[in-house]
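Biologist: I am new to this structure and would like to go through it slowly with you. Could we look at the model together before I begin asking?

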Amino acid sequence: MAHSKPEVEASRAYPHDSSSPMGTQPPQRVGIQVPQFDPVKHLAFQVPKTLMMSDLGFADDVGVSPVAVTYPFQLFTREATQIMRSEVLKPEVRESCTFSSNIAANQLRGYAKEHAPFTYAAWRHPKTHAIVSKLAGVDLIPWSDYEIAHINLSVKTEEQAQAEREAHNAQRLHEGEGSAQGTEKDKPVVGWHTDSYPFVCVLMLSDCTDMIGGETAIRTAKGDVIRVRGPTEGCAIILQGRYITHQALRALGAKERITAVTSWRPRSPFLKDDSVLRTVRPVSDLNELYYDFAEYRLKMIEERSRREYEELRARRARGEKFNTLEHKAFLGAMADFMNHTNREIVEEWMVPKGYIETIDVPDVVVGV
Ligand SMILES: [Fe+2]
C-alpha cells in the first residue's frame, strides 16, 4: 500500500489553486513516508445514472444546478479508500478531531489538512474536482478545508452486527417483505432535513458486504419519497442536499461503517451561495469554521465588487448615463449577502456545543 515517491512528485499531484482560499499543501512530517495521491492510480471513475431536479418536480433554478442526485458510482480504488481509512483511524485524529452531538455520536471533523495528507490531496486534486463537477452539472470546489471528508463513524462488535442481521431477518419473516410498516433499517439516522451546503459527496470507506439498509431517502416536490441505495466501498453519491429534503436510513448488520462526507460550493463567485452553518456550528472548531467561511465570503464580495466597479468605469468611459436602479439593485444584493454572512457567524458563547436544532419537516413514512 505504501509507496515512496520523491517529495517533488507529491507537490505536482495537487497544484496550487489560486482561485481558492485553500491554496496550501498540508504539512508533511519529516522522516515519515506518506502515500501520495496519484489520480491515475487512485481514481476509478464510472459514470452513474443521475436524477435531475426536474425528475423530482423542482424547477431547474431552485438550486445551483439542474442535477439533484447521482446513483452510487465508483470514485476511488480500493487502495485509495484503504489509505483514507488508515488516516481516519490514526489515534491523533480521534484524540483531536472527535465531535458528537444529539444527532451523531461519533464524528471526525477538520482533520484532513493536518493529519490526513492523502485524503486532503485526493479531495483537492483538479481531476477529482472535474469528476464531481461533471456529475453535479456545475463547476464545484470543496466548501472549505474544514469540510473535507467529515467522517461519520460507527463501529460494532461482530456479535452486535450478527444480532442486527438476525433481528432484521426475523422481522421480515414476521411482517412479510412488502410490509408498509417498514423495518428497523427504514428508521432514519437523522430525520428529514436539508444540508447546510449546496452539494455533498458521500464516500463509503468500509466493506458493506453484510450491510442492510443505509439508503438515502429523498422527497420530491410533491412529497413522494424516492430511495437511492447507499454507496459500497470506494463508491460515492453526490446530492444537491441544500435544496432537497432527505434523510439517511439506518444501516444494520455491518461491523464497521465509515462514511466520508465532503461538502461543495460553486467555484464561481457570481453564482448564489446559500450556505448556512446551522447544522455544523455545534460540532466544529469554530475558529477554523469561521475563518473558512469569512474568507471565502469576503473573496466573493471582492470579486463581485470588482466586476461592478469595472462595469461602472466602462459605462462612464462610453459616455453613458449612470444607471441608478441597476447600481442600487447591486448594493441591495451585497447588503443581503453581508447580512447573511453576519447571521451565520454566531458569537461563540451562544453556540450550544453538541446540540443541533432539528427542523420541523412534516413526516412521511418511508415504506419498503
Ligand atoms: Fe444530509
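Biologist: How many bridges join β7 to strand β15?

Modeller: Please keep in mind that this is a predicted model. Strand β15 covers residues 256–266, and β7 and β15 run antiparallel. Within this pairing, Asn 152 stands opposite Thr 259 in β15. The number of bridges that join β7 to β15 is 6.

Biologist: Which residue in β7 is the bridge partner of Gln 107?

Modeller: Strand β7, residues 150–155, also pairs with strand β5, residues 107–108, in the antiparallel sense and over 2 bridges. The residue that stands opposite Thr 259 of β15 also takes part here, for the bridge partner of Gln 107 in β7 is Asn 152.

Biologist: In the open sheet of 3 strands, what is the order of the strands?

Modeller: The pairing in this open sheet is antiparallel. Its edge strands, each of which pairs on one side only, are β11 (225–228) and β13 (246–248). Strand β10, residues 216–219, pairs with β13 over 3 bridges, and the bridge partner of Ala 217 in β13 is Gln 247. The order is therefore, as the model gives it, β11-β10-β13.

Biologist: Which element supplies the largest share of the largest nonpolar core?

Modeller: This core has 54 residues, and those with the most contacts inside it include Val 132, Cys 201 and Trp 264. Several elements each supply at least two residues, among them α3 (78–88), α7 (126–136), β8 (199–204) and β15. The largest share, 6 residues, comes from β8.

Biologist: Leaving aside neighbours within four places in sequence, with which residues is Val 132 in contact?

Modeller: Val 132 is one of the residues with the most contacts inside the largest nonpolar core. Once its neighbours within four places in sequence are left aside, the residues in contact with Val 132 are Leu 140, Cys 201, Ile 238 and Trp 264.

Biologist: How many residues does the second, separate core have?

Modeller: This core is separate from the one just described, and among its residues are Phe 99, Tyr 146, Phe 293 and Tyr 296. The number of residues in this second core is 9.

Biologist: Why is α6 largely enclosed by the rest of the structure?

Modeller: The buried residues of α6 include Pro 117, Phe 118, Trp 123 and Arg 124, and α6 (117–124) also supplies at least two residues of the largest nonpolar core. The helix α6 is largely enclosed because its buried residues number 8 of the 8.

Methods. Residues are numbered from 1 along each chain as its sequence is written. This is a predicted model: local features need pLDDT of at least 70, side-chain atom pairs count only at pLDDT 80 or more; totals for chains, interfaces and linings use all residues. Two strands pair if DSSP finds at least two bridges between them. Helices (H or I, at least four residues) and strands (E, at least two) are DSSP runs, numbered from the N terminus. A nonpolar core is a set of buried Ala, Val, Leu, Ile, Met, Phe, Trp, Tyr and Cys residues joined through C-beta atoms within 7 Å. A residue is buried if 20 or more other C-beta atoms lie within 10 Å of its own, exposed if 12 or fewer, and partly exposed in between; C-beta atoms are placed from the backbone. Two residues are in contact if their C-beta atoms, placed from the backbone, lie within 7 Å.
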